[in-house]
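Visitor: I would like to go through this model by asking what justifies each label. Please set each value against its rule.

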Amino acid sequence: MIRLSNVSHAYDGEPVVDDASLSVEPGEVVAIIGPSGVGKTTLLRVLSLSLEPDAGTVELDGDSVWDADEDRRLALRRRVGMVFQDASLFDATVARNVEYGLRVRRGWNDRIRDGLRSVLGSNGTPRAVEEALDVVGLSDTLDQEADSLSGGEAQRVSFARALAYEPRFLLLDEPTSDLDPRNTGLIEDAIREARDRDIGVVVATHDMHQAERIADRVGVLLGDGFTEIGPTETIFEDPSDERTRKFISGELVY
Amino acid sequence: MPLEPVVGLLQGFLDLPFRDGYVPSVVYVSLYVSVIAVALSTLFSIPAALAMGFTDFPGKQFVKSVINTGMGFPSVVVGLLVLFAVSNRGPLGALDLVFTKEAMIMSQFVLATPPITAISLAAITGVSDNVRDAARVLGGTRLDTALVVIKEARYGIATAVLAGFGRAISEVGSVLIVGGNITGADGVSKTRTLTTAIQLEARQGRYETAMVLGAVLVAVVLTVNAIVVRLGDTGVNR
Amino acid sequence: MSKQRPGGREGAASRRAFLAATATGATGALAGCVGLGGGRSDDQRPGVAGETLTLTTTTSTYDTGLLDEIHPDFEDLYGATVDAVAQGTGAALETARNGDSDVVMVHARGLEDEFMRNGYGINRRDLMFNDFVIVGPEDDPAGIEGADSATEALATIADAGATFVSRGDNSGTHTKELNLWEAAGVDPGGDWYQETGTGMGEALNVATQQGAYTLSDRGTFISQRSEIDLVVLVQGPIEDGPEILANPYGIMAVNPGVHENANYDLAMAYIGWITSPGTQDAISNYQVNGEQLFFPEAVSEDPNFQQYVPEGWSNSSDSE
């Protein structure tokens, strides 16, 4: 379980996240909705354990992340995967991209041996890479260069790259905001597949319909921490917070 | 296309007034000194560029401006500084480095490092922050992240290394001062490079042989460039 | 400067070491510690074998190819290597002054004397000589051809404002040229007087291209004659020209009392070898384009004490 407790963070004295608390269990999809510029990305960076918040605590499976030493924190960080709004693929083949998380988790001896072997010929592709690409329907692109993919394909490869090393939690920052409906659908299918694999998924999105389609729970972020977090149905049908209700119904425009 | 100059050059090449082994040994010294100096510069420059690209520290702008100044630093001045350092009267005098390849490597290192660092830094800063974040978030250590950045910037870094190599191998002033342009009595170069050999021929008015040696120099530079470009293309982890 | 390098040629070296002991005779004894050991000890190799001698010399000596011609003999004899570095006389002496060479071979007596007086150079020998010539374009615009006096010829060039190329590099030739102007009572300067700051060969090239006059040592001029369009207009003493154009070369060891890492043993072996009758003959026999370039001066039946000390030195006039 990832648990954020009373997390606050500011850039240049400007508070971006203020007193936010959230916990995510394995096997559930949590959507974070809210208008742009409201701190969703900052919150995901805190969840991905790559940004230390100014205040509050971050726990992963019972360990307080920022009290742990560097080695321990790396081990914790490696239980989390992330997909960015733009695919941010490396300039290499699809297979090399998807394999990246697996590669950095291996010892240097193995990595150097594989590196030498790859000079002589192919190493073959690890099973996990093929499986991950299968989930996003791109198992036939293994040997393509990443920069030859379309935007939608690149984003799906990016998803497979985060899935390949079987993280316990997967964070997605506006993963479909630049995609067409077909690719959006494929990413949403992949999110459901991740949930079936008992991965905890957090999706930051400004698309309320997407949240409604895929999320088990929804957190509404309207500027100063979550106004409300609850089961998807409750948030959309019967929110208890007045501002949430106005945001859902479109009356509250930012 | 007029073939006469080409034919003339070839004929000049065939009956150069040099003893056997002279030209190969001069090429060898040129490559030995430049390649080692550039390799050392690269080992120094890339970590330096990564450190400057990734971190902020007081005086960073100053360091950058020093490097940019260094790119235009006159090689003769570098030669003099290295000569003062390695001279019997200088701080490194006890090492007996005057008129040796090692002293030439030192001055080439000083000359090649600023362009390699500056161009690598530009290439590294050009790598998108998202790619760096991705490497980290996918579980990479600090070293893994650095390697990803190097890999993303590999064309720029190859350009940097080539620029450094070009500066080193085509340089005359400093290698003449610290190397002494020495060949042995057997006609084998000790510290004579292609550039200083050309300078020696020109000094004696033998412009044809100087031209032929110049053609050899150009051929060597082109060959090295081709090899590096090819390595950059097919090389690491593709 | 005693760089070790793996010695080879042991057989040849020891066989010749014996010859060397005979050939260099008295000079070998002067060298003292070259370790010839009578040539008959168990270890017959010279003690300097495998070492490297750094010789700084002038471009005008180096560019004639003389050293390339004679050095293999020395290297065979002693199993040592000679690193010859060609610089201007001023730079060659400066390098030695810094302890970065072991022996200097130059041609500017005034600078050599200063070098000795300051304690940097010892055991100077007169080595060889040639002479300077004033060269210029064949049409001789200033009309100096056949002048009896070098200074008069220079004064004529200055009066005519004909282009004159100066080395301008503090070399032996440059020093000689400045002395000549001074003797001619001319303070050179103006559009017609061009300093190139380069070696002799380049200065000759520049003079050819500009149709200018210049002062050259005979050796470089002969070895380059086929490349340039200049002719000798005023001969030096070798061809019965004025004595003022004489160009004597001297050789000195760097004082190990000042620079303790100077390879004194090898330097003295080298001086002994190059002033020996055999090497002096080789210098005399060295020809370029069918002409002799250097005239040996070291072997003489007359005593010549002035070669060992600064010119004009005597015990009573100078007790340094």
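Visitor: How many residues do chain B and chain C bring to their contact?
Guide: This is a predicted model. Chain B brings 17 residues and chain C brings 28 residues. A residue pair counts as a contact if the C-beta atoms, placed from the backbone, lie within 7 Å.

Visitor: What makes up the side of chain B that touches chain C?
Guide: Four residues there are nonpolar, seven are polar and six are charged.

Visitor: How many residues are in contact between chain B and chain A?
Guide: From chain B there are 15 residues, set against 23 residues of chain A. Helices α6 (129–137) and α7 (142–152) of chain B each supply at least two residues to that side of chain B. The most comes from α6(B), with six residues. By type, the side of chain B that touches chain A splits into five nonpolar, five polar and five charged residues.

Visitor: Which residues of α6(B) are called buried, and what makes them so?
Guide: The rule asks for 20 or more other C-beta atoms within 10 Å of the residue's own. V131(B), R132(B), A134(B), A135(B), R136(B) and V137(B) are the buried residues of α6(B). They therefore meet that count.

Visitor: What covers them?
Guide: The cover over the buried residues of α6(B) includes α7 of chain B and β6 (80–83) of chain A. Just after α6(B), G139(B) has a positive phi of about 110°.

Visitor: Why does the radius of gyration of chain A agree with a compact globule?
Guide: Chain A has 254 residues, and a compact globule of that length would have a radius of gyration near 18 Å. The value for chain A is 19 Å, so the two agree. Along the principal axes, the C-alpha atoms of chain A fill a box of roughly 65 × 45 × 35 Å. Buried residues account for 45% of the 254 residues in chain A.

Visitor: What share of the contacts in chain A join residues at least 24 apart?
Guide: The share is 67%, taken among contacts between residues at least 6 apart in sequence.

Visitor: How many helices and strands does chain A have?
Guide: The secondary structure of chain A has 10 helices and 10 strands.

Visitor: In the sheet β2-β1-β4-β5 of chain A, what makes β2 and β5 edge strands?
Guide: The sheet is open and its pairing is antiparallel. β2 (14–24) and β5 (63–64) of chain A each pair on one side only, and these are the edge strands.

Visitor: How do you know that the neighbours in this sheet are paired?
Guide: The rule is at least two bridges found by DSSP. Strand β1 (residues 2–11) of chain A joins β2(A) over seven bridges. β1(A) and β4(A) are joined by five bridges. β4(A) and β5(A) have two bridges, so this last pair also meets the rule of at least two.

Visitor: Which residues stand opposite each other in these pairs?
Guide: Y11(A) has E14(A) in β2(A) as its bridge partner. L4(A) is opposite V58(A) in β4(A). L60(A) is bridged to D63(A) in β5(A). The hairpin of β4(A) and β5(A) has two residues between the strands, and in it D61(A) takes a positive phi near 50°.

Visitor: Which helix lies across β1, β2 and β4 of chain A?
Guide: Helix α1 (residues 40–47) of chain A does, with β4 spanning 55–60. α1(A) runs at about 130° to β1(A).

Visitor: What is the strand order in the open sheet of six strands in chain A?
Guide: The order is β6-β7-β8-β3-β9-β10, with mixed pairing. β6 and β10 (226–231) of chain A are the edge strands, each pairing on one side only. From one strand to the next, the twist averages 15°.

Visitor: How do you know that β9 and β10 of chain A are paired?
Guide: Strand β9 (residues 217–221) of chain A meets β10(A) over five bridges in the antiparallel sense. The rule needs at least two, so the pair qualifies. In β10(A), F226(A) is the bridge partner of L221(A).

Visitor: At what angle does helix α6 of chain A run to β6(A)?
Guide: The angle is about 175°. This helix, residues 151–163, lies across β6 and β7 (169–173) of chain A.

Technical notes: Residues numbered from 1 in each chain as written. Chains lettered and ligands numbered in written order. Predicted model: local features only at pLDDT ≥ 70, side-chain atom pairs only at ≥ 80, totals over all residues. Contact = placed C-beta atoms within 7 Å. Helix = DSSP H or I, 4+ residues; strand = E, 2+ residues; numbered from the N terminus. Nonpolar A, V, L, I, M, F, W, Y, C, P; charged D, E, K, R; others polar. Rg over C-alpha atoms; globule rule 2.2 N^0.38 Å. Buried ≥ 20, exposed ≤ 12 C-beta atoms within 10 Å, placed from the backbone. Axes fitted to C-alpha atoms, helices over the stretch in contact; angles between N-to-C directions.
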